[in-house]
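Here are a few exercises to work through with the model open beside you. Try each task before you read its solution.

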Amino acid sequence: MAAPPRATAVLAGSGEDGQLGMGGNEEKDWAHCVEALGSYAVTAVVAGSRNSLAICEDGRLFTWGWNQRGTLGHPPKTKTESSPGPVHALAGLKIVQAAIGGWHCLAVDDNGHAYAWGGNEYGQCGEEPERKEDGTRALRRDIPTPQRCAPKLKVRQVAAGGTHSVVLTQEGHVWTWGQPWPPGDIKQISTPVRVQGLEKVRVIAVGAFHNLALTEDGILWAWGNNEYGQLGTGDTQPRSHPIRVEGLSDLSLVDIAAGEENTGGLDLEMIRVVAWSP
């Protein structure tokens, strides 16, 4: 019996920052294979606004695109890199899932250890502030090399927002850090804080400034910015704590996704996409 075909990354769209991984910055109107990954068994691809990454079957992580803030997992030699390259700082680890935020990235390995790199001005990479000689404490603006974050948590899934991070633990709890939303008195939060009111969460999804959590009983919860109605609550008021998304009780949701200003869910029984917000 012939071996099954090897999975490869396929991308299309804007390539101004090299995020298509095809060795240039031109735009592609049609899907093209990322030839540089042709010899690897790619199991997942994550596309951000300006950079991309791929996870291989053996757990290796490749990144490409914009790197001015260290979003590719190594100090920037040039502003952009248009060909995929391995993240050497994570060599030897089996990465199983990853996420791209506004200008930071997260990843989790098969041992439940989470890693973060890229922009960190709001503490979204989870690094504690450095103490200066005058006694003040300041965050590093950029963290170009992946480092452990949320070390006390056994992580199952990571999700990255515009300036915050969210993780789902193996116990089904949700933790977050970075810039809170609604911001109010904006402050830097580097230490993970558990999101209260959520138990037995199956999967999480994060937009630029809003968050979703789907529990094992099929209930969808949302919190954060709601300027465009992306929380599905029927109004545009932000929520600082999770609120149940009503009107979906007749659906059996199995997966969720969150964009910059919109939200969507997949219903297993009807095999249909449910979306709201313009």
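## Exercise 1: a salt bridge and its burial

Find the salt-bridge partner of Asp-235, then decide how covered each of the two residues is.

Step one: Asp-235 pairs with Arg-239, and the closest N and O atoms sit 3.0 Å apart. Keep in mind that this is a predicted model.

Step two: look at the cover. Asp-235 has a relative accessibility of 28%, so it counts as partly exposed. Arg-239 comes in at 18%, so it counts as buried. The cut-off that matters here is 20%, since buried means under that value.

## Exercise 2: from one pair to a network

Which residues are linked with Asp-142 in a network of salt bridges, and which parts of the chain does its pair with Arg-69 tie together?

Start with the count: the structure holds 7 salt bridges. One of them joins Asp-142 to Arg-69, with the closest N and O atoms 2.4 Å apart. Asp-142 belongs to strand S12 while Arg-69 is in the loop between S5 and S6, so this pair ties together parts that are 73 residues apart in sequence.

Now check the cover again. Arg-69 is buried at 8% relative accessible area, whereas Asp-142 is partly exposed at 21%.

Next, look for other partners. Asp-142 also meets Arg-141 in a salt bridge, at 3.1 Å from N to O. Put Glu-121 into the picture and you have the network: Arg-69, Glu-121, Arg-141 and Asp-142.

## Exercise 3: laying out two sheets

Work out the strand order of the open sheet that contains S12, and do likewise for the one that contains S4.

Take the S12 sheet to begin with. Its 4 strands run in the order S7-S8-S9-S12, with antiparallel pairing. The edges are S7 (95-100) and S12, each pairing on one side only. On average, neighbouring strands here are turned by 15° against each other, direction ignored. Inside the sheet, S8 and S9 pair over 5 bridges, and Val-108 stands opposite Ala-114 in S9.

Then move to the other sheet. It is open too, with 4 strands in the order S3-S4-S5-S6 and antiparallel pairing. S3 (42-47) and S6 (80-86) are its edge strands. The average turn between neighbouring strands is 10°, direction ignored. S4 (51-56) and S5 (61-66) are joined by 5 bridges, and Ile-55 stands opposite Leu-61 in S5.

## Exercise 4: what fills the core

Which strands give two or more residues to the largest nonpolar core, and which of them gives the most?

The core has 15 residues, and those with the most contacts inside it are Leu-106, Cys-149, Val-155, Val-158 and Val-167. Strands S8 (104-109), S9 (114-119), S12 (142-149) and S13 (155-160) each give two or more residues. S13 gives the most, with 3.

To see one residue's surroundings, pick Leu-106. Beyond its neighbours within four places in sequence, its contacts include Ala-98, Trp-117, Cys-149 and Val-158. Ala-98 itself belongs to a second, separate core of 13 residues, which also includes Val-46, Ile-100 and Ala-107.

## Exercise 5: the whole chain

How many helices and strands does the chain have, and what share of its residues is buried?

Count the elements: 0 helices and 23 strands. Then the cover: 46% of the 278 residues count as buried. As for the surface, the chain exposes about 13,600 Å², with carbon and sulfur atoms supplying 51% of it.

Notes:
Residues numbered from 1 in each chain as written. Predicted model: local features only at pLDDT ≥ 70, side-chain atom pairs only at ≥ 80, totals over all residues. Heavy atoms only, no water. Core = buried A, V, L, I, M, F, W, Y, C linked by side-chain atoms within 4.5 Å. Buried < 20%, exposed > 50% of the residue type's maximum accessible area, 1.4 Å probe, protein only. Contact = heavy atoms within 4.5 Å. Pairing = 2+ DSSP bridges. Axes fitted to C-alpha atoms, helices over the stretch in contact; angles between N-to-C directions. Areas by Shrake-Rupley, 256 points an atom, 1.4 Å probe, with all protein chains shown as cover. Salt bridge = Lys/Arg side-chain N within 4 Å of Asp/Glu carboxyl O.
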